[in-house]
Amino acid sequence: MIDDDDDESDIEHGIYRVMHTLIVGHERRTVENDFILQGDQLLLVLEWIHRPEGDIWPGLTLPLDEELLDEDPSRPGHFLYSGELVDPRRMQ
């Protein structure tokens with residue numbers, strides 16, 4: 001997925017954007033969200049929360065399968081996710 005020799009592809013630090021399919025109720029939507037690396041896990045961030053300490057923290061996340069994640073060749077720092085994710089906030 002990621003070429004370790006390419007600094008622009010380094011997902012070990014930072015917040016990145018990913019285009020993906022999100023199932024909301026009975027609808028499939030193509031949306032873009034942030035994703036982060038936490039430990040050794042890729043996480044899609046659906047909601048950020050403001051903590052009392054004053055920082056922002058991922059409040060609602062979903063795991064991403066690294067095998068389904070590819071760089072978007074037209075936009076550096078952006079990725080495409082070929083899997084479908086279910087929005088747990090809208091489960092029916």
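I began with the sheet: six strands (DSSP E runs of at least two residues, numbered from the N terminus) form an open sheet in the order 4-3-2-1-6-5, with mixed pairing. I noted that strand 4 (56-63) and strand 5 (69-71) are the edge strands, each with a single partner, so one side of each has no neighbour in the sheet. Neighbouring strands are turned by 40 degrees against each other on average, direction ignored; axes here are lines fitted to C-alpha atoms.

I recorded that the model is predicted, with local features requiring pLDDT of at least 70 and side-chain atom pairs pLDDT 80 or more, while totals for chains, interfaces and linings use all residues. Residues are numbered from 1 along each chain as its sequence is written, and side-chain values use heavy atoms, without hydrogens and water.

I next looked up the pairing of strand 1 with strand 6: the two run parallel over six bridges, where pairing requires at least two DSSP bridges. Arg17 stands opposite His78 in strand 6.

I then turned to His20, which lies in strand 1 (residues 15-24). His20 is buried (under 20% relative accessible area, 1.4 Å probe, protein chains only), at 2%. I found a polar contact (N or O atoms within 3.5 Å, one able to donate a hydrogen and the other to accept it) between the side chains of His20 and Asn33, at 2.8 Å. Beyond four places in sequence, the contacts of His20 (heavy atoms within 4.5 Å) include Leu44, Tyr81 and Leu85.

I followed Leu85 last. Leu85 is among the residues with the most contacts inside the largest nonpolar core, which has 14 residues; such a core joins buried Ala, Val, Leu, Ile, Met, Phe, Trp, Tyr and Cys residues through side-chain atoms within 4.5 Å. Strand 1 supplies its largest share, four residues.

Conventions: Buried means under 20% relative accessible area, exposed over 50%, partly exposed in between (1.4 Å probe, protein chains only). Axes are lines fitted to C-alpha atoms, for helices over the stretch in contact, and angles run from 0 to 180 degrees between N-to-C directions.
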